Amino acid sequence: MVPEIGHFALALALALALVQSVLPIAGASRRNAVWMKSAQATAIGQVLFVAIAFAALMQAFIVSDFTVRNVVENSHSLKPMLYKVAGTWGSHEGSLLLWILILAVFGAGVAWFGSNIPAETKARTLSVQAWISVGFLSFLLLTSNPFERVFPPPLDGNDLNPLLQDMGLAMHPPLLYFGYVGFSIVFSFAVAALLEGRVDPAWARWVRPWTLAAWVSLTAGIALGSWWAYYELGWGGWWFWDPVENVSFMPWLLGTALLHSAIVTEKRDAFKSWTILLAILTFSLSLLGTFIVRSGLLTSVHAFAVDPERGLYILGLLAVSIGGSLALYAWRAPEMEPGGLFRPISREAGLLVNNLILAAATGTVLFGTLYPLILEAVTGDKISVGPPFFNAAFIPMMLALVVFMGLGPFLSWKRADIAGLLDRIRFVVVLAFIAALAAWYLLNGGPIMAYLAILGAAWLLFATLREWALRIRLFEVPLAESARRARNLPRASHGMTLAHAGVAVLMMGMIGSTGWKSEEIVFAAPGTEVTIAGFDITFEGATQVQGPNYIADRGTLVVRRDGELVTTLFPERRYYPVAESQTTESAIRSTLAGDLYTSIATPASDQVNNAGAWTLRILYEPLVNLIWIGSILLVIGGCLSLSDRRLRVGAPRRAKQPASDAVPAE
Amino acid sequence: MKRLIAGLPFIAAVIFGGFFLWGLNPDRDPNEIPSVLISQPAPAFDLDPVPGLETPGLARSDLVGNERPVVVNVFASWCVPCRAEHAVLTRFVERDGMRLFGINYKDKPEDAVKWLNDLGNPYERIGSDLSGRTGIEWGLSGVPETFIVDSDGTVLFRYVGPVVGPDAVERFTQALKQAGALPNGAGS
């Protein structure tokens, strides 16, 4: 019964979305206030019905209702409860339902909180949001119904892919989707603005909190996914430039550009058409990600079950939404008035460079991701583009970005005072060089690029701190006065400082764990000793242990340093009989200085097995935890900025009469 | 001009869309790697030995005129699956009498020497392909890859990835038997 309620709720949500996609926008052009207002009710109704459907599916997973095909295929009665719940979004159908739920949440969010947005803009935005809802709800109902029943019901399910049975990954999709799909509302705002034919600072201000919220979740989602890959896949790497990772990274890069370009639109009424384009493209890339993950277009380690039929349907949705919005852009954008002028050295120019680099980096990742497909289509050759390409192309761009990231906040709007600027950063530049040289002196070895990166990270960190110190006049005035200034500083400003410093910290982690990683792979019989990064590790053998729904070979590794016991690590190789697959559970000794990372694999041949030898993989990754700490700083910085006063209250309303610089399109 | 620039994103999206539509063809498997060399003569190459190793170098002429077909394995010390594969190949050589030649792909000689000293050297001859040039000639898609070459120099079989695990070993054994690369009675 419950699955039928869920199914029915989805159909009702689709009906509401259909109404919402027509009525409010028609009301906006006819100035019919009642029609426009209807969006409020339908948006909130939609989220309620989709939530009911989602809860119904979750209930089926929780009680292990094996009459539902989706539960049979992705759950098992012996699975721990947490993963039963997480199984709701572990499959194509369930995750798409989550996708739609988040889409509805953002629509309802604007309907509920957007009281400062003029009725017409709001009506148009919500109608555009409903167009997306209609597309995806019909996709779900027509091609991937999550509530389909099976008869006769089997006794037990097929289990969720064991790799996915993990805390980090249970939380990863919701966060990632919240980010990805969150950009939908920004897209809807942009399309609404194009339809209205005007963009002004107020528009940028309404869009900002939604962009920030989506960006923060996407940041957290990507970091969580990376963390999962780090300890679950058993390779000790945290980024693989896999197509599926890339498609989540591209909206992040472009979303970051959007966040910065929207500031210029808000503060200086410039970059309008560019901001709109970024808003459209960011969500387009999210849609592209959804498409690539679900269509089997590219080879990837973690894609959903592939179905070309579904791929075709999503491609149709993409053609309508991306093609339609970009065609609208091509038609309307040229009529938008350019905004405030600025000098080549100014905050605007700094942000322009930031945007260009981020856009170029996004283009590079997009090109690298799709190049195998394009090449195959044109010449028939099959290749894969691996980390060397991305590292060679992407890292130099990021280093250039870092230079401007440190510089930008020092610049004032319109025209910056060059002499004053040089005076303020002189000290920082010297300090960064000292830090890089000190690293070079102390570390000797490691790639040259790593030292350049250290220079960049040090520059960014010091410049960010220096700029913050200048703002609160630290050490120039008494500390109490500085504290008062810090309190009066807008939260968005603290948020920026924290996020920029977070990037510097993140970089340090990346540099340490790639440039100075040490790695040993050994065939080890019990008693084998391995020495790595000052640790002496003794392999004491492996035993078989029984988990709730798996059997594991557990290795025992005693770690000593200078003869003293540091810790004992138990890496596991788990076998899940129901799903017939294996996972690696690495054992990690984590400190701020670095991670000692161990994993165990089954021996390569039977002969070796008889001798009781195992393949051990032992790595030392210096500073790797700074990656997660930096990501947390980014998230906190974003949240701080989101809590800024100007986004909550007193946001200026749009002038009754369009201001002189906001010209209607027709 | 302005119109043209504003239209560029749309045009780019249409082009990408065309590629996607092409890519959705249900007969297309992105994971499949075509074997261009099968039934073709092996490429010409002449590689020096790995410095510091007593094993002689490898050239195309070493592959032809043998009594039975031989196996060419491309490996590198930096390649993790190669390590797992090494034990399997060694067993084929020692137990079944398979003749194994190696191409050491883009590897530092000292690393390769250490690797072979640690694990043992089952290769009759090893050519050092420092530049990766020979790898390109063989149409390598990654390391390891293993080829069976007939006594007239024709490539009979290609295995992409490590020959590790029951399925892979079974497939490889079948290929060896079919090619007649094992002495009579071996490989059972």
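Domain bounds come from an automatic or database domain assignment. Keep that in mind as you explore this predicted model.

**Stop 1: two domains in chain A**

Start by selecting residues 2-331 together with 348-366 of chain A, and give them one colour: this is domain 1. Then colour residues 518-625 of chain A, which form domain 2. How far apart are the centres of domain 1 and domain 2 of chain A? Taken over C-alpha atoms, the separation is 39 Å.

Now zoom in on the place where the two domains touch. Here 13 residues of domain 1 of chain A are in contact with 17 residues of domain 2 of chain A. On the domain 1 side, the touching residues are six nonpolar, five polar and two charged.

**Stop 2: helices H2 and H6 of chain A**

Two packed helices are described by the angle between their axes and the distance between the axes. To try this out, select residues 33-62 of chain A for helix H2 and residues 119-143 of chain A for helix H6. Their axes come within 9 Å and cross at roughly 45 degrees, so H2(A) and H6(A) are oblique to each other. The crossing of H2(A) past H6(A) is left-handed.

Show the side chains next. From H2(A), the contact includes Ala33(A), Met36(A) and Ala39(A). Among the partners in H6(A) are Ala123(A), Leu126(A) and Ser133(A). Sorted by class, the residues of this contact between H2(A) and H6(A) are seven nonpolar, three polar and two charged.

**Stop 3: helices H7 and H9 of chain A**

Stay in chain A and select residues 167-196, helix H7, and residues 243-268, helix H9. The two axes come within 11 Å, with a crossing angle of roughly 55 degrees. H7(A) and H9(A) are therefore oblique to each other, and H7(A) passes H9(A) in a left-handed crossing.

Which residues meet here, between H7(A) and H9(A)? Look for Leu176(A), Tyr180(A) and Phe183(A) in H7(A), which meet Ser248(A), Pro251(A) and Gly255(A) in H9(A). By class, this contact of H7(A) with H9(A) has four nonpolar, two polar and no charged residues.

**Stop 4: chain B**

Finally, select chain B and switch to a cartoon view. Six helices and seven strands make up its secondary structure. Tracing chain B along the sequence, you can follow the pattern α-β-β-α-β-α-β-α-β-α-β-β-α. Why is chain B said to be more spread out than a compact globule? Its radius of gyration is 21 Å, well over the 16 Å that the globule rule gives for 188 residues. Turn the view to see the box that the C-alpha atoms of chain B fill, roughly 70 × 35 × 30 Å along the principal axes.

Methods: Residues numbered from 1 in each chain as written. Chains lettered and ligands numbered in written order. Predicted model: local features only at pLDDT ≥ 70, side-chain atom pairs only at ≥ 80, totals over all residues. Contact = placed C-beta atoms within 7 Å. Nonpolar A, V, L, I, M, F, W, Y, C, P; charged D, E, K, R; others polar. Axes fitted to C-alpha atoms, helices over the stretch in contact; angles between N-to-C directions. Helix = DSSP H or I, 4+ residues; strand = E, 2+ residues; numbered from the N terminus. Parallel < 35°, antiparallel > 145°, perpendicular 65-115°, else oblique. Left-handed = near helix turned anticlockwise from the far one by under 90°. Rg over C-alpha atoms; globule rule 2.2 N^0.38 Å.
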